[in-house]
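User: Could you walk me through one part of this protein in some detail? I have the sequence and the model open beside me.

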Amino acid sequence: MKLIDLHCDTIDKLMVNVKESRLLSNEFSVDIQKLKEANSLAQTFALYVDIGDIKKPFDYCMSMADKFFEEIKINSDVISLARNYDEIIKNEANNKLSAILSIEEGAVLEGEMDNLNKFYNLGVRMMTLTWNYANEIGYPHHWGESKEIGLTSFGKDVVQNMNDIGMLVDVSHLSDAGFYDVAKISTKPFIATHSNSRKMMNHSRNLNDDMIKILGDSGGVTGLNFCHSFLSECDISKIDHMVKHIKHIVNVGGIDVMSIGTDFDGIDSEVEINDISEMNKLICGLEKSGFTYDEIEKIYYKNALRVIKEVL
């Protein structure tokens, strides 16, 4: 079965030892060889910037993009950038994996709309509006005051501009009020690339049932996150817990709202699915739980591909 994963942090891992670390094969959870084993159609690679540590987020994000494109060039026989649906299909026809480029942390814009256009021209097609800090766009997910603070004026303009140029708005990590602002403003389907069900696990990073319904009604998707703290109280990310979240999200928002957003290489807990090559384990869990082949196909890649086709 084909797979589209909406979020991994592998480029961040490669930046630790930038000259030696490679995308073709590495010790991390995602590399090209593992993606081929997973029958991956497309993998989204996030340019993740921690503004608590990085003082020039735009410049650092560009350096991450340089590493990404270096690896794509080195492995151009097996993987290519995909900026839209047609390029994903073209890459598949040429026996290549598709790499989708995203940004995780809207602070990389540094409050300048022109920087959004620069990233778009570079090939970025998704952006997580915030990470775990407030920025020029809005406020993060944490419980407390920030939960009730929505998008800034600049943030609202960013969402509208992303709609206009064809970039997917990602609300994972965003405050609750920010989520509802995006829902009001966005004229295109929006996504939560790596968020689970708050009903199943009461974490601020997860979506409540109302959000799941709104997301589904917009035509968007949420990607199942493999991080243990978003799945259960258990220290291990178990397949049974993943299936419970999927079942609940589908029951609330419909089968078309569910996708995959592993967060591989951005999580540090033990996972029963050790890396991207073992995604067949979740298929088995879903089959045992009563999901049909067609439903699993939607979860694994068809829902994400539909949104990509509509927005990009």
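In which loop does D265 lie?

Analyst: Happy to take a look with you; please keep in mind that the model is predicted. D265 sits in the loop that runs between β9 (258–260) and β10 (270–271). Its backbone deserves a closer look: the phi of D265 is near 70°, a positive value in a residue other than glycine. As background, most residues other than glycine have a negative phi. As for its surroundings, D265 has a relative accessibility of 8%. Buried means under 20%, so D265 counts as buried.

A useful partner for comparison is N95. This residue is not a glycine, yet N95 has a positive phi of about 65°. N95 is also a loop residue, found between α4 (85–93) and β4 (97–104). Is N95 buried or exposed? Its relative accessibility is 70%, and because exposed means over 50%, N95 counts as exposed. So D265, with its positive phi, is buried, whereas N95, with a positive phi too, is exposed.

If you then move along the chain to the helices, α8 (residues 209–218) and α9 (residues 239–253) pack at an angle of about 60°, with their axes 8 Å apart. The crossing of α8 past α9 is right-handed. On the α8 side the contact is made by D209, I212, K213 and G216, which meet H248, I249, V252 and G253 of α9. By type, the residues of this contact are three nonpolar, three polar and two charged.

How values were computed. Residues are numbered from 1 along each chain as its sequence is written. This is a predicted model: local features need pLDDT of at least 70, side-chain atom pairs count only at pLDDT 80 or more; totals for chains, interfaces and linings use all residues. Side-chain values use heavy atoms; hydrogens and water are left out. Axes are lines fitted to C-alpha atoms, for helices over the stretch in contact, and angles run from 0 to 180 degrees between N-to-C directions. Helices (H or I, at least four residues) and strands (E, at least two) are DSSP runs, numbered from the N terminus. A crossing is left-handed if the near helix is turned anticlockwise from the far one by less than a right angle, and right-handed if clockwise. Contact means heavy atoms within 4.5 Å. Ala, Val, Leu, Ile, Met, Phe, Trp, Tyr, Cys and Pro count as nonpolar, Asp, Glu, Lys and Arg as charged, and the others, Gly among them, as polar. Buried means under 20% relative accessible area, exposed over 50%, partly exposed in between (1.4 Å probe, protein chains only).
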